[in-house]
Amino acid sequence: MKKLIQAQVSFLFMQLPSWLFGSLVVEGELIEYPVGFLSVVYKASFTFEFFVFPEISAIFNVHFPKDI
């Protein structure tokens, strides 16, 4: 149960910087996503910025570093 709470907090915490920096990078034309879920309204990848990256971060934060 403790790891589930840690994962949820990490997931929610990483959504803000992911959205902020992802938007800045796309608006600065440093990266261009080929296909987007809401590409007309939001040029960054909605799926990556709000789901994929925070999920990978949450998994990493729960499993690493391991106690020695």
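How many helices and strands does the protein have? Load the whole chain and you will find 2 helices and 0 strands, taken as DSSP runs (H or I over at least four residues for helices, E over at least two for strands) and numbered from the N terminus.

Before you click further: this is a predicted model, where local features need pLDDT of at least 70, side-chain atom pairs count only at pLDDT 80 or more, and totals for chains, interfaces and linings use all residues. Residues are numbered from 1 along each chain as its sequence is written, and side-chain values use heavy atoms, leaving out hydrogens and water.

**Stop one: both helices.** Select residues 2–27 for α1 and 46–63 for α2; they pack at about 135°, with axes 7 Å apart. Here axes are lines fitted to C-alpha atoms over the stretch in contact, and angles run from 0 to 180 degrees between N-to-C directions. The pair is therefore oblique, since angles under 35 degrees count as roughly parallel, over 145 as roughly antiparallel, 65 to 115 as roughly perpendicular and the rest as oblique.

**Stop two: the contact.** Show side chains where α1 meets α2 (contact means heavy atoms within 4.5 Å). Among them are Phe 11, Met 14 and Trp 19 of α1, and Phe 50, Phe 53 and Pro 54 of α2.

**Stop three: Ala 58.** Now pick Ala 58 in helix α2. Its relative accessibility is 2%, so Ala 58 counts as buried (under 20% relative accessible area, with over 50% exposed and partly exposed in between; 1.4 Å probe, protein chains only). Leaving aside residues up to four places away in sequence, Ala 58 touches Ala 7, Ser 10 and Phe 11. Finally, draw a distance from the C-alpha atom of Ala 58 to that of Val 9: 8.0 Å, although the two are 49 residues apart along the chain.
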